[in-house]
Amino acid sequence: MQTLEEPRFLQAAAHTVSLPVSVIIPVRNEERNLPRCLEALRGAGEIYVIDSGSTDETADIARSFNAKVVQFRYAGGWPKKRQWAMNTLSLAYDWVLLLDADEILTPELAEEIRQAIRNPLCDGYYIALRMHFLGRVLRHSDARFYKLSLFRRGRGRFECRLKDQDASMCDMEVHEHVVVEGRTAKLRHPLVHRNLDTLSRYIRKHDGYSTWEAHVWSRGEISSDDLPPSLLGTQAQRRRWLKKRFMRLPGSPVVLFLYRYFFQMGFLDGVPGLIYCGFQAVQLFHAKAKIYELRTSRD
């Protein structure tokens with residue numbers, strides 16, 4: 001069951017819309033990250049915070065910024081949190097911007113978005129992430145990637161890679177990507193990705209991600225809804241093409257670490273780069289181990 005709570009407007013000042021988009025932010029216990037995200041969105045047309053029963057101050061923080069709080073309770077299956085929000089909410093603006101609580105819109109990116117959504121020939125935009133990890137910007141480590149985070153309402157949807165899911169696989173889209181019907185382009189300015197959570201929470205979250213990945217890759221097939229893996233496609237398609245082959249390669253977690261840390265020069269990112277590259281390799285190892293567990297349990 002999902003419920004839409006009436007927003008409580010706590011700020012006396014009138015809301016001036018300088019960025020006419022509908023923002024959707026999925027959260028659960030994000031009281032440390034959410035304030036910075038919402039502070040940068042004060043000019044947004046409307047903000048929906050999709051909460052999964054937070055037990056901290058997340059919901060109150062969202063309301064203090066005039067965001068509309070929606071409670072989402074996941075019982076498995078499809079759609080998940082963000083696609084459900086796009087299917088269910090009465091969005092007021094023609095463009096949708098998907099953000100995470102640990103992502104911050106810079107003034108330069110906001111201005112670029114204002115200009116981009118005036119283009120009648122484009123239906124979606126990829127936005128790069130500038131990754132901050134353990135207090136340092138990761139300029140190497142293969143940590144810079146693009147997400148299709150901005151698109152016209154009704155023209156974008158998340159691919160469904162696995163319909164048979166349960167709550168152990170996260171209630172939010174993990175590595176499902178947005179597919180847009182129409183022309184897309186890249187924006188020049190990045191989103192700032194700066195997570196203030198502890199490494200313990202990072203590990204717990206990625207344990208759920210590896211469970212989801214194990215179920216997806218153990219299928220051994222790609223559904224018609226997926227972005228097809230392609231070496232010559234988008235960044236997401238290239239990464240999927242490489243991962244599909246990595247999954248079959250013995251010792252692939254070690255290869256991934258060597259690729260990110262040495263070939264992608266993660267060592268130039270210092271100790272945070274070492275930890276980041278190590279965590280990425282460990283997550284791949286966890287996914288492969290869970291694939292093995294799934295296969296042996298069926299025998």
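Two strands are said to pair if DSSP finds at least two bridges between them. The structure used in these exercises is a predicted model, and its confidence is taken up in the last exercise.

**Exercise 1. Decide which strands pair with β9, and whether β9 is mostly covered or mostly exposed.**

Step 1. Begin with strand β7, residues 124-133, which is joined to β9 by five bridges, the two strands running antiparallel. Because at least two bridges are required for pairing, β7 and β9 count as a pair. One position to find in the model is Y125, which stands opposite L150 in β9.

Step 2. Turn next to strand β5, residues 95-98, which also runs antiparallel to β9 and is joined to it by three bridges. Here V96 has F151 of β9 as its bridge partner.

Step 3. Finally, consider the cover of β9 itself, which spans residues 146-152: five of its seven residues are buried, and the strand is therefore mostly covered, since buried means under 20% relative accessible area.

**Exercise 2. Find which residues of helix α3 are buried, and name elements that cover them.**

Step 1. Count the buried residues: six of the eight residues in α3 are buried, and the helix is described as mostly covered.

Step 2. Name them, going along the helix: K81, R82, Q83, W84, A85 and M86 are the buried residues in α3.

Step 3. Look for what lies over these residues, where the cover includes strands β2 (19-27), β3 (44-51), β4, β9 and β10 (156-158).

**Exercise 3. Identify what is unusual in the backbone at P79, N66 and M265.**

Step 1. Recall the general expectation, which is that most residues other than glycine have a negative phi, and that most peptide bonds are trans.

Step 2. Examine P79, which is placed in the loop between β4 (68-71) and α3 (81-88). The peptide bond leading from W78 to P79 is cis, with omega near 10°.

Step 3. Examine N66, which is placed in the loop between α2 (58-64) and β4. Although N66 is not a glycine, its phi is positive, at about 65°. Its relative accessibility is 15%, and because buried means under 20%, N66 counts as buried.

Step 4. Examine M265, which is found in the loop between α7 and α8 (270-298). M265 is likewise a residue other than glycine with a positive phi, in this case near 60°. At 37% relative accessibility, M265 counts as partly exposed, because that class lies between the 20% and 50% limits.

**Exercise 4. Describe the nonpolar surface patch to which F262 belongs.**

Step 1. List the members: V254, L258, F262, M265, F267 and L268 together make a nonpolar surface patch of about 550 Å².

Step 2. Place F262 in the fold, where it is found in helix α7, residues 252-263.

Step 3. Check that F262 is accessible enough to take part: its relative accessible area is 45%, and because patches are made of residues with over 30%, F262 meets this limit.

**Exercise 5. Judge where the predictor is confident in this chain and where it is not.**

Step 1. Start with the chain as a whole, for which the mean pLDDT is 89, while 93% of the residues reach 70 or more.

Step 2. Compare the elements: strand β5 has the highest mean pLDDT, 98, whereas strand β1, residues 3-4, has the lowest, 48.

Step 3. Look at residues 1-13, over which the pLDDT is below 50; this stretch nevertheless has 27 contacts in the model beyond near neighbours in sequence.

Conventions. Residues numbered from 1 in each chain as written. Predicted model: local features only at pLDDT ≥ 70, side-chain atom pairs only at ≥ 80, totals over all residues. Heavy atoms only, no water. Patch = residues over 30% accessible without salt bridge, like charges linked within 9 Å, V, L, I, M, F, W, Y side chains within 5 Å. Areas by Shrake-Rupley, 256 points an atom, 1.4 Å probe, with all protein chains shown as cover. Salt bridge = Lys/Arg side-chain N within 4 Å of Asp/Glu carboxyl O. Helix = DSSP H or I, 4+ residues; strand = E, 2+ residues; numbered from the N terminus. Buried < 20%, exposed > 50% of the residue type's maximum accessible area, 1.4 Å probe, protein only. pLDDT = per-residue confidence, 0-100. Contact = heavy atoms within 4.5 Å.
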